[in-house]
Amino acid sequence: MKVLTGTPPQLARWAADRVLHRLRTRSLSVLGVATGSSPLPVYRALAASGEPALASLRVFALDEYVGLPHHHPQSYHCVVDREVTRPLGLDPARVHVPDGAADDLDAAAAEYEHLIAASGGIDLQVLGIGANGHVGFNEPFSSLRSRTRVETLTARTRRDNARFFGGDLQQVPTSCLTQGLGTILDADEVVLIATGAAKAHAVAQMVEGPLSSACPASVLQLHPRATVLLDDRAAAQLT
Ligand code: F6R
């Protein structure tokens with residue numbers, strides 16, 4: 001696991017440059033995107049690059065809430081459309097988000113895994129990390145080999161994400177569909193961005209703690225091409 005530190009704009013630049021480099025050298029056709037606040041500056045930097053080859057990308061989101069209609073402004077269908085698809089000029093048909101509104105969620109999860117595999121797998125996966133160490137919405141004690149599935153959100157994650165729902169915890173869904181830890185490990189390369197003091201403990205567990213499902217992000221220690229981008233506050237508990 002490679003760890004780089006910098007200011008948030010420097011981290012966004014690094015991640016965007018990595019995407020653009022792989023795109024221009026034709027080693028990136030499938031991009032995995034996280035939602036949440038951490039990677040937003042990366043998507044803005046990509047949009048600002050004006051790189052026409054971005055339009056050739058196929059994109060897979062990491063996760064989606066269960067129970068929100070696709071048009072709900074905080075559904076990841078909407079968030080990805082707003083923050084990724086439109087700014088990068090992508091054809092919506094090339095952008096995939098798990099279907100958290102499906103009647104049969106297990107079938108939707110299996111279909112998502114199938115779609116990723118049929119696309120040739122994810123070349124570069126952008127990740128954030130939860131304050132409890134989740135990646136995607138793989139909460140603590142997720143199986144290290146898990147695949148896309150229904151997951152129950154912890155009270156901590158729901159509290160942390162209430163800010164996206166006007167601070168109203170009641171509005172935050174209680175479950176989600178998420179790529180599994182095994183799915184994330186299958187990506188050719190992963191780039192995780194963490195900024196702010198609230199992430200410092202989880203970051204230390206991920207980078208220096210034991211490999212343990214108690215900190216799901218620690219599974220990235222097994223990944224051969226994982227880069228962790230940290231600002232000073234997120235890096236504060238590293239020894
Ligand atoms: C979002 C996701 C989550 C977030 C994490 C951090 O698709 O999978 O793992 O990356 O909750 O969220 P922020 O960046 O909002 O702190």
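A residue counts as buried if 20 or more other C-beta atoms lie within 10 Å of its own. The model examined here is predicted. By this criterion, 44% of the 239 residues in the chain are buried.

Helix H7, residues 200-208, contributes several of them. Ala-202, Val-203, Gln-205, Met-206 and Val-207 are buried in this helix. The cover over the buried residues of H7 includes three strands: E1 (2-5), E9 (189-194) and E10 (226-230).

The chain as a whole contains seven helices and ten strands. Its C-alpha atoms fill a box of roughly 45 × 40 × 35 Å along the principal axes. The radius of gyration is 16 Å, which agrees with the value near 18 Å for a compact globule of 239 residues. Among contacts with a separation of 6 or more, 78% join residues 24 or more positions apart.

Three strands form an open sheet, with antiparallel pairing and the order E4-E8-E7. Strands E4 (63-65) and E7 (149-152) stand at the edges. Each has a single partner strand, so one side of each is left without a neighbour in the sheet. On average, neighbouring strands of this sheet are turned by 30° against each other, direction ignored. E4 and strand E8 (residues 175-178) run antiparallel and are joined by three bridges. Glu-64 stands opposite Leu-177 in E8.

The ligand is surrounded by 14 residues. Thr-35, Gly-36, Ser-37, Ser-38 and Gly-128 come nearest. By class, the shell has five nonpolar, eight polar and one charged residues.

Technical notes
Residues numbered from 1 in each chain as written. Predicted model: local features only at pLDDT ≥ 70, side-chain atom pairs only at ≥ 80, totals over all residues. Helix = DSSP H or I, 4+ residues; strand = E, 2+ residues; numbered from the N terminus. Rg over C-alpha atoms; globule rule 2.2 N^0.38 Å. Buried ≥ 20, exposed ≤ 12 C-beta atoms within 10 Å, placed from the backbone. Contact = placed C-beta atoms within 7 Å. Near = placed C-beta within 6 Å. Nonpolar A, V, L, I, M, F, W, Y, C, P; charged D, E, K, R; others polar. Pairing = 2+ DSSP bridges. Axes fitted to C-alpha atoms, helices over the stretch in contact; angles between N-to-C directions.
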